[in-house]
Amino acid sequence: MRWLPSRAHDNGMYLIFSNGIGVDMNEVRTGNAMIISPYGEIINESDSIDDDMIIADITADELEMCTGRRWIRGRRPELYKLLTEPIGNELNPFQARFNRH
C-alpha cells in the first residue's frame with residue numbers, strides 16, 4: 001500500500017492497478033484492484049476475494065499542477081546519459097526478479 005500511491009504521486013499520473021486472485025506459481029494473488037490519483041490518494045479499491053470490478057470518475061484537472069508533473073517538467077535529461085549506457089552487468093527481467101546473486 002506504499003509503493004503504488006508513491007509511484008502515482010512521483011510520476012503525476014492516475015494509476016489503475018489490477019491483480020489476479022488465487023495461487024500463481026508459488027505466490028498467492030489477493031486481488032485488491034484500485035484506482036489511485038496523481039496525488040497518491042486511493043480513489044476506489046476492491047476488498048473482495050472474488051472476481052470484482054471497480055470504477056471511478058477521473059478528470060484531467062488534477063494532472064497539471066500535481067507534484068509529480070511539476071517534477072517531470074523540472075527534470076534535466078542531459079544528466080541521464082550515463083544511466084542509459086550498458087555497463088556489462090545488466091540482468092533480464094527474469095534474472096532481476098529471481099536471481100539471488
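Is Arg76 buried, partly exposed or exposed, and at what relative accessibility? In this predicted model, Arg76 has a relative accessibility of 47% and is therefore classed as partly exposed, the upper limit of that class being 50%. Its salt-bridge partner is Glu78, with the closest N and O atoms 3.1 Å apart. Glu78, at 54% relative accessibility, counts as exposed, because the exposed class comprises values over 50%.

The pair formed by Arg76 and Glu78 belongs to a total of six salt bridges. Side chains of opposite charge can pair when their charged atoms come close. Among the six, Arg73 is bridged to Glu64, and the closest N and O atoms of this pair are separated by 3.4 Å.

A further salt bridge connects Arg29 with Glu27, for which the closest N and O atoms lie 3.2 Å apart. Both residues also take part in a network of salt bridges that links Asp24, Glu27, Arg29 and Arg97. Arg29 is partly exposed, with a relative accessibility of 25%; Glu27 is likewise partly exposed, at 26%.

The backbone around this network was also examined. Strand E2 (residues 21-24) and strand E3 (residues 27-30) run antiparallel and are joined by four bridges. Arg29 of E3 is the bridge partner of Gly22, in addition to forming the side-chain salt bridge with Glu27. Two residues lie between the strands of the E2 and E3 hairpin, in which Met25 adopts a positive phi near 55°.

Technical notes: Residues numbered from 1 in each chain as written. Predicted model: local features only at pLDDT ≥ 70, side-chain atom pairs only at ≥ 80, totals over all residues. Heavy atoms only, no water. Salt bridge = Lys/Arg side-chain N within 4 Å of Asp/Glu carboxyl O. Buried < 20%, exposed > 50% of the residue type's maximum accessible area, 1.4 Å probe, protein only. Pairing = 2+ DSSP bridges.
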